[in-house]
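Biologist: Before I rely on the labels attached to this protein, I would like to go through them one by one and hear what each of them rests on.

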Amino acid sequence: MQVLYTAEATAYGGRTGRVTSDDDRLDVALSVPKGMGGDDGDGTNPEQLFAGSFAACFHAAMKLVARKMSLDTTDSTVTARVSIGPSESGVGYGLSAELVVALPKVEDRSAAEGLVEMTHKVCPVSNATHGNIDVQLTLA
């Protein structure tokens, strides 16, 4: 792979610390959600960070694919829901994700579904998840 860009972030203190990027554009406090036994503090968590990254990456890829398909992505949104729970093997934890895609300007449902499926093949984060976590695609 020819590298076009490398992001760098460092975590301090695990789930109750901070995450910062090397250029200081990202600097967030972390806290553990109540559902995971935490205090639900003011910070974010790795799952929210991953959900935001997945949603943004998928949306950008979708806009690129839509242009090639001559589909209108005006007012479109992608919402990512990332869940964490004990793995099926009983060792450690696993993730799952759902991407909810809204395409209000694409009236042909078949075209919208095709766009979402093609985007899932193009998006770098989707490619990283293939075969690793369950990803459900939902057309709103």
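**Labels and their grounds**

Modeller: R109 counts as partly exposed, because its relative accessibility is 47% and that label covers values from 20% up to 50%. Please keep in mind that this is a predicted model.

Biologist: What makes R109 and E113 a salt bridge?

Modeller: The N to O separation between the side chains of R109 and E113 is 3.3 Å, and a salt bridge requires a Lys or Arg side-chain nitrogen within 4 Å of an Asp or Glu carboxyl oxygen, so the pair qualifies. Both residues belong to helix 2 (residues 109-122), where they are 4 residues apart, about one turn of the helix. E113 has a relative accessible area of 38%, and is therefore partly exposed.

Biologist: How many salt bridges are there by this rule, and which residue does R15 pair with?

Modeller: The count comes to 6 salt bridges. R15 is joined to E47, with their closest N and O atoms 2.6 Å apart. Since R15 sits in the loop between strand 1 (9-12) and strand 2 (18-21) while E47 is part of helix 1, this pair ties together parts that are 32 residues apart in sequence.

Biologist: Why is E47 called buried, and why is R15 called partly exposed?

Modeller: E47 has a relative accessible area of 10%, and buried means under 20%, so the label follows. R15, at 27% relative accessibility, counts as partly exposed.

Biologist: What makes R81 and E98 a further salt bridge?

Modeller: The closest N and O atoms of R81 and E98 are 3.1 Å apart, and the cut-off is 4 Å, so this pair also meets the rule. R81 lies in strand 4 (residues 77-86) and E98 in strand 5 (residues 93-102), so that the pair links distant parts of the chain, 17 residues apart. With a relative accessible area of 46%, R81 is partly exposed, whereas E98, with 19%, is buried.

Biologist: How do you know that strand 4 and strand 5 are paired?

Modeller: Strand 4 and strand 5 are joined by 10 bridges in the antiparallel sense, and pairing needs at least two, so the condition is met. One of the matched positions is V82, whose bridge partner in strand 5 is A97. The two strands form a hairpin with 6 residues between them, and G90 in the turn has a positive phi of about 85°. Strand 5 is also joined to strand 6 (residues 134-139), by 6 bridges and in the parallel sense, and there A97 has V135 as its bridge partner.

Biologist: Why are strand 1 and strand 3 said to stand at the edges of their sheet?

Modeller: The open sheet has 3 strands in the order 1-2-3, with antiparallel pairing. Strand 1 and strand 3 each have a single partner strand, so one side of each is left without a neighbour in the sheet. The twist averages 15° from one strand to the next. Strand 2 and strand 3 run antiparallel and are joined by 3 bridges, and R18 stands opposite A29 in strand 3.

Biologist: Is T44 buried or exposed, and what does T44 contact?

Modeller: T44 is found in the loop between strand 3 (27-29) and helix 1 (46-69). Its relative accessibility is 17%, and the limit for buried is under 20%, so T44 counts as buried. Apart from neighbours within four places in sequence, T44 is in contact with V28, A29, L30, S31 and L49. The side chain of T44 also makes a polar contact with the side chain of Q48, at 2.6 Å.

Biologist: Why is the pair of F50 and F54 called tilted?

Modeller: A search of the whole structure finds 1 aromatic pair. The rings of F50 and F54 have centres 5.7 Å apart and planes at 35°; because stacked requires under 30 degrees and edge-to-face over 60, the pair falls among the rest, as tilted. F50 and F54 both lie in helix 1, 4 residues apart, about one turn of the helix. F54 is buried at 0% relative accessibility, while F50 is partly exposed, with a relative accessible area of 24%.

Conventions: Residues are numbered from 1 along each chain as its sequence is written. This is a predicted model: local features need pLDDT of at least 70, side-chain atom pairs count only at pLDDT 80 or more; totals for chains, interfaces and linings use all residues. Side-chain values use heavy atoms; hydrogens and water are left out. Buried means under 20% relative accessible area, exposed over 50%, partly exposed in between (1.4 Å probe, protein chains only). Contact means heavy atoms within 4.5 Å. A polar contact is a pair of N or O atoms within 3.5 Å; within protein, one must be able to donate a hydrogen and the other to accept it, and residues adjacent in sequence count only if both atoms are side-chain atoms. Rings of Phe, Tyr and Trp (its six-membered ring) pair if their centres lie within 6.5 Å; planes under 30 degrees apart count as stacked, over 60 as edge-to-face and the rest as tilted. Axes are lines fitted to C-alpha atoms, for helices over the stretch in contact, and angles run from 0 to 180 degrees between N-to-C directions.
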